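Me: I am new to this structure and would like a close look at a single part of it. Please take the stretch that runs from the fourth helix to the start of the seventh, and set it against the rest of the chain.

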Amino acid sequence: RSIAMAGEDGEGGADQGGASAQALCTQAHAEYIAAFQRDKGAYEYVASEYLRLSGIYWGTTALRLLGKEALLPAGEVVADVMRCWNEAADGGFASAEGHDSHLLYTLSAVQVLVTHEAWPELDRVRDPVTRYVASLQRREDGAFFGDRLSQEVDTRFSYCALSCLSLLGTLGKGPDGEKGPPVDLDAAADFVLSCQNFDGGFGARPGDETHAGQVFVCVGALDILGKAAGAALGQPPLAERLDADRLGWWLCERQTPGGGLNGRPQKLQDVCYTWWVLSSLSMMGKLHWVHRDSLVQFILDCQDPIDGGISDRPDDEVDIFHTFFGVAGGSGLRGWG
């Protein structure tokens, strides 16, 4: 293992100058995340209310990957999540208490509850969330709306819907034990495949440009259908849905001379694409198609070794979003020791 993990006292080979750091500054990142979640009066916390529930998912998941989940008590995290549940309105979760429900935050809520093994809360939300997700599918083409107000359609929402149902164990059966899937799985798959482009990648809607983030959600959605639904529900495996070599080539071409990955051709490298590109390659068995060491070094160059956190590119401001995706992407490479 060429990259070490910095210990709690900052040891482990990290260059405190930052530019040539050779270790992930685990303790600094963990303290940065925990402080962000605890200081509810800070400007950064207040200003991020519109995506707070996803922020809880990013922060707590990064802490778990770093082995520092004890810094945020599980009971407090679960309570914060449940305050965002619109139980009486529609059964979905909002970004924050008092906001409208949305699929993006509903998935974040389910992910946090599953990760923290909050079984009583999951039992409470399972059927209402399943009904909420099912209510958002557009019947004519299988696409999913993000919420009931905007009627926006995006392949992100297809992934969120299928991932929610899979995590809740209701992909193959409806609420209250109803027989059959709560959504039209064939139509959901057809919509995702209709967004595939000549380069093997996927866009947000049919005809939209291929983007690495959209590739992740589309490959992920098809993978969920192939694994969770499988032959029992007539869903073929991922390998039968994709031209994996063509898509894998497009994805590995996202690696720039600086080692990082971009989301589209001719764009700057960004830490967040580490997760989306690598996850897609991993699902297709092609993780080795990127240069691991240069990518790990790029992520390490984006960290703040003193105050913690990871930025999009070296010398930029750190944030929770990029800290999570940097840690998660690097963990996928097994680069942290």
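Reply: What follows starts with the whole chain, moves to the stretch you asked for, and ends with a few places elsewhere.

The model is a predicted one. The protein chain holds 13 helices and four strands. Along its principal axes, the C-alpha trace spans about 60 × 45 × 30 Å. For 337 residues, a compact globule would have a radius of gyration near 20 Å, and the protein chain agrees with this because its own value is 20 Å. Buried residues account for 56% of the 337 residues. The exposed surface of the protein chain comes to about 14400 Å², and carbon and sulfur atoms supply 50% of that surface. As for charge, there are 27 positive and 47 negative charges, and the mean positions of these two groups lie 5 Å apart. Contacts also reach along the sequence: among those between residues at least 6 apart, 61% join residues at least 24 apart.

Now to the stretch itself, beginning with helix α4. This helix covers residues 74-82, and its buried residues are Val77, Val78, Asp80, Val81 and Met82. An α-helix has 3.6 residues a turn, so residues three or four places apart point the same way. In α4, Val77 and Val81 are both on the buried list. What do the buried residues of α4 pack against? They pack against three helices: α3 (52-66), α5 (103-115) and α6 (119-135).

After α4 comes the loop that leads to α5, and Asn86 is found in this loop. Is Asn86 buried or exposed? Its relative accessibility is 17%, and Asn86 counts as buried because the cut-off for that class is under 20%. Leaving out residues up to four places away in sequence, Asn86 touches Gly91, Gly92, Ala94, His99, Asp100 and Ser101.

The next loop lies between α5 and α6, and Glu117 has its place there. Most residues other than glycine have a negative phi. Glu117 is not a glycine, yet its phi is positive, at about 50°. With a relative accessibility of 53%, Glu117 counts as exposed, because that class begins over 50%.

Beyond α6, the loop towards α7 (155-168) contains Gln151, and Arg138 is in the loop between α6 and α7 as well. Gln151 is another residue that is not a glycine but has a positive phi, here about 60°. At 41% relative accessibility, Gln151 counts as partly exposed. Arg138 also counts as partly exposed, at 24% relative accessibility. Which residues does Arg138 contact once its neighbours within four places in sequence are left aside? They are Ala143, Phe145 and Val153. The last of these, Val153, is 15 residues from Arg138 in sequence, and the C-alpha atoms of the two are 8.9 Å apart in space.

The nonpolar core is the next topic. In soluble globular proteins, nonpolar side chains tend to be buried together. The largest nonpolar core of this model has 97 residues, of which Phe93, Leu113 and Phe144 touch the most other members. Helix α9 (residues 212-229) gives the most to this core, with 10 residues.

Ile224 has its place in α9. Its relative accessibility is 14%, so Ile224 counts as buried. Between Ile224 and Arg205 there are two separations to note: 19 residues in sequence and 19 Å in space, from C-alpha to C-alpha.

Two further places outside the stretch complete the picture. Ala47 lies in helix α2, which covers residues 43-47. Ala47 counts as partly exposed, with a relative accessibility of 39%. Ala47 and Gln37 are 10 residues apart in sequence, and their C-alpha atoms are 13 Å apart in space.

Thr256 sits in the loop between α10 (244-252) and α11 (272-283). Thr256 is buried, at a relative accessible area of 18%. Not counting residues up to four places away in sequence, Thr256 touches Asn262 and Gln269.

Definitions and conventions:
Residues numbered from 1 in each chain as written. Predicted model: local features only at pLDDT ≥ 70, side-chain atom pairs only at ≥ 80, totals over all residues. Heavy atoms only, no water. Core = buried A, V, L, I, M, F, W, Y, C linked by side-chain atoms within 4.5 Å. Buried < 20%, exposed > 50% of the residue type's maximum accessible area, 1.4 Å probe, protein only. Helix = DSSP H or I, 4+ residues; strand = E, 2+ residues; numbered from the N terminus. Rg over C-alpha atoms; globule rule 2.2 N^0.38 Å. Contact = heavy atoms within 4.5 Å. Areas by Shrake-Rupley, 256 points an atom, 1.4 Å probe, with all protein chains shown as cover. Lys, Arg positive; Asp, Glu negative; His and termini not counted. Charge placed at Lys NZ, Arg CZ, Asp CG, Glu CD.
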